[in-house]
Amino acid sequence: MLNDKQSREKWSQVGPHGPVTIHVIQHLRNVRDLRSLMLEAAFALQDEGLRHYVCLLHDCALKKKRLKLEFDSFQGVIRDDIKNRISFVTVNTDDDLRQADRVVLDITELHDRYRDALLVKPKASSREDVIGGLIQRRLMKMPPINPRDLAAQTGASLTTVYSAVNDYKQCIERDQEGALYLARFGTRDWERWLSAVADWPKVKFVDRSGAPRSPDKLSNLITKMGRSDVAIGGVLGAMKHYPELDITAAPHLDLVVHGSPNSDLSFIKELDPGLELADPREKFPLVIVHFVNQPANEFETSNNGKVYASLPQCLADMWGAGLTHQVEDVLENLRLK
Amino acid sequence: MNDYLAPHEVLASVADAIPVDLRKDIIIVGSLAAAYQLLRDDDQSVRTKDVDGMVAPHAKAVVAATNVTNSLIDSGWTPKVNEGFELPSDEQTDAKNLPVVRLQPPNNAGWFLELLGAPSAIAPDEHGALRTAQRIRAKASHFELPSFAYLGVVQYMPTESEYQLRIATPQMMALANLLHHPEIGVTRMGASISGRKIKRSNKDLGRVVAMAHLMDLLNEDALEAWPQLWRDALQMYAPRNAEELLKIAPSGLHALAESYEDLDEALHSVNQGLLSQRPLTSFAFEIALKRLLNIVG
């Protein structure tokens, strides 16, 4: 039985010649995962009822040439009656997605469910949660923390904590009692961490009124709503932590919701009736909602009642928006070296 | 309705024909006032034929309106004849047959100035009527000076213009319209607007939304000041029932939001008038209404 996340990433639709399985895979980073995916598709097609298996690769790190090479090799080793019923489509634009249109009868359902699948949180995000927790402790000048407490605080398993420690072993040290702390965090470490966090699922909203509210105004309105589980992130959040930030105005409002991508976002309509849900690939959103799905958030409430996301989260939002110069400027001053 | 009026040209023309000491008794209200306050670009104009001037305060409205009428007619302005009313009228003319003061400037039949009087109170009269009237005895004719109960709130902090004429603020015109239409009435306007007979309440409530939208474009924080300004004005002009009136004020907007047909009429009306140079889509108009309701409740 599929859980909710699996059913949102993989579903069945009716095609011209029979049932089709659509599988959305985000952030495919290596050949090992690709091969595993191909095998999964081949096994699924052993079921006589299934006609076609389509993998839609969103934000795939593998080049098309490499994908083709792998796919051709794979086709050479599987049964003839199966190999022509598997498709891999890299999707970066709407046009890319249209390549898959012909395999299903209900194209609208395909596009809607694809969009929904992009909101599902990737599986391997918790290592970044763990590192994010250590960064925040370092910024807050907090003492080292034992792995079990770090796991509890970040909502990660102990295995994930150790895996994160191993991934960033050049940055993390232990004190004499085995507690962990971030000893250093260089530019490359930041870039790696920021890139990973910036890739996390987000929901975008655009203005449809023709008279958009400014991000600053929207941040005031969210404060008036009195939500303690929604924080201001991105540029406006970073400006609070680092007032010297080299930017005059936020290009959009980043909000950080303490919850999963399945959280209720109906408050956005109350925030401003001109805001409407946009395609995840929208290039000029007015509001971007990010999610922090840990047991405890790192939000800070200022004297004027505004709730802000942590500085690392704000920097990740900015990194995702391409404000790399400004992020580097802040990092230069943080000097976690 | 085909004519566009440039607020500054019209105000200059009215001011030119009235002695300086009489100008301060006039508060320009209606679409021209809204255009003056909200259409800030020099080349912006508004589609209207009537320029409404309220003579205030109530205590001297009749005397001041008489003087203004005499002064304009002496300057060559001509009374506009309305079907069914007697012009010129005199002492023998029954009050119900008196024409209102509608004066066209010399050599320009494109628009007219209509005079109103400040009401004695921000409330219906003892018979529940929202419209009352007084007789003015000008040299050329007797006229009727009508007053609308809630329009009196425009006396609260009008803008002092460079023409020595005062201009009602959008916030107070909005409040007057809202108090006048706590629900969508069935009465339709006599004249059609681009081929459609519009309910009076839809026209007035639509203008409230349009003014809110235009003010929002000028300053996205401005609408938030409306509730307090309304409270201040009502405490000054209707202190005994200020809170009750404040509670009633948004009712008409709620009624408008619930009826597609009325919303459509309201939009048609403002797109032919105040927003004629930058018309809104029905979607954008609905958002402007919702934004306003988010603030005024």
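In chain B of this predicted model, seven strands make up an open sheet with mixed pairing, and their order across the sheet is β5-β6-β7-β4-β2-β11-β10. The edges of this sheet are held by β5 (78-79) and β10 (159-160) of chain B, and because each of these has a single partner strand, one side of each is left without a neighbour in the sheet. Further in, strand β4 (residues 50-55) of chain B runs parallel to strand β7 (residues 112-117) of chain B, and six bridges join the two. Within that pairing, the residue that stands opposite Met54(B) is Leu116(B) in β7(B). Helix α4 (residues 61-74) of chain B lies across β2 (26-29), β4, β6 (102-104) and β7 of chain B, and its direction makes an angle of about 165° with β7(B).

From chain B the path leads to chain A by way of the contact between them, to which chain B gives 10 residues and chain A gives nine residues. On the side of chain B that touches chain A, α6 (200-218) and α11 (282-296) of chain B each supply at least two residues, and the largest share, five residues, comes from α11(B). By character, the residues on this side of chain B divide into five charged, four nonpolar and one polar.

Chain A itself has 15 helices and 13 strands. Its C-alpha trace spans about 65 × 55 × 35 Å along the principal axes. The radius of gyration of chain A is 22 Å, which agrees with the value near 20 Å that a compact globule of 337 residues would have. Of those 337 residues, 36% count as buried, and among the contacts in chain A that link residues at least 6 apart in sequence, 74% join residues at least 24 apart.

How far can the coordinates of chain A be trusted? The mean pLDDT of chain A is 88, with 95% of its residues at 70 or more. Confidence in chain A is highest in strand β8 (residues 230-232), at 97, and lowest in helix α1 (residues 4-9), at a mean of 64. Where pLDDT is low, the predicted coordinates should not be read in detail.

Chain A also contains an open sheet of mixed pairing, in which four strands follow the order β1-β2-β3-β4. Here β1 (10-15) and β4 (86-91) of chain A stand at the edges, and since each has a single partner strand, one side of each is left without a neighbour in the sheet. From one strand to the next, the twist averages 25°. At one edge, β1(A) and strand β2 (residues 18-26) of chain A run antiparallel and are joined by six bridges, while a hairpin connects β1(A) to β2(A) through two residues. In this pair, Trp11(A) stands opposite Ile22(A) in β2(A). At the other edge, strand β3 (residues 52-58) of chain A and β4(A) run parallel, again with six bridges between them, and here Tyr53(A) stands opposite Ile86(A) in β4(A).

A last stop in chain A is Asn333(A), which lies in helix α15 (residues 324-334) of chain A. Is this residue buried or exposed? Asn333(A) counts as exposed, because it has 10 C-beta neighbours inside 10 Å, and a residue with 12 or fewer is classed in that way. Although 91 residues separate Asn333(A) from Tyr242(A) in sequence, their C-alpha atoms are 9.5 Å apart in space.

Notes
Residues numbered from 1 in each chain as written. Chains lettered and ligands numbered in written order. Predicted model: local features only at pLDDT ≥ 70, side-chain atom pairs only at ≥ 80, totals over all residues. Contact = placed C-beta atoms within 7 Å. Nonpolar A, V, L, I, M, F, W, Y, C, P; charged D, E, K, R; others polar. pLDDT = per-residue confidence, 0-100. Rg over C-alpha atoms; globule rule 2.2 N^0.38 Å. Buried ≥ 20, exposed ≤ 12 C-beta atoms within 10 Å, placed from the backbone. Pairing = 2+ DSSP bridges. Axes fitted to C-alpha atoms, helices over the stretch in contact; angles between N-to-C directions.
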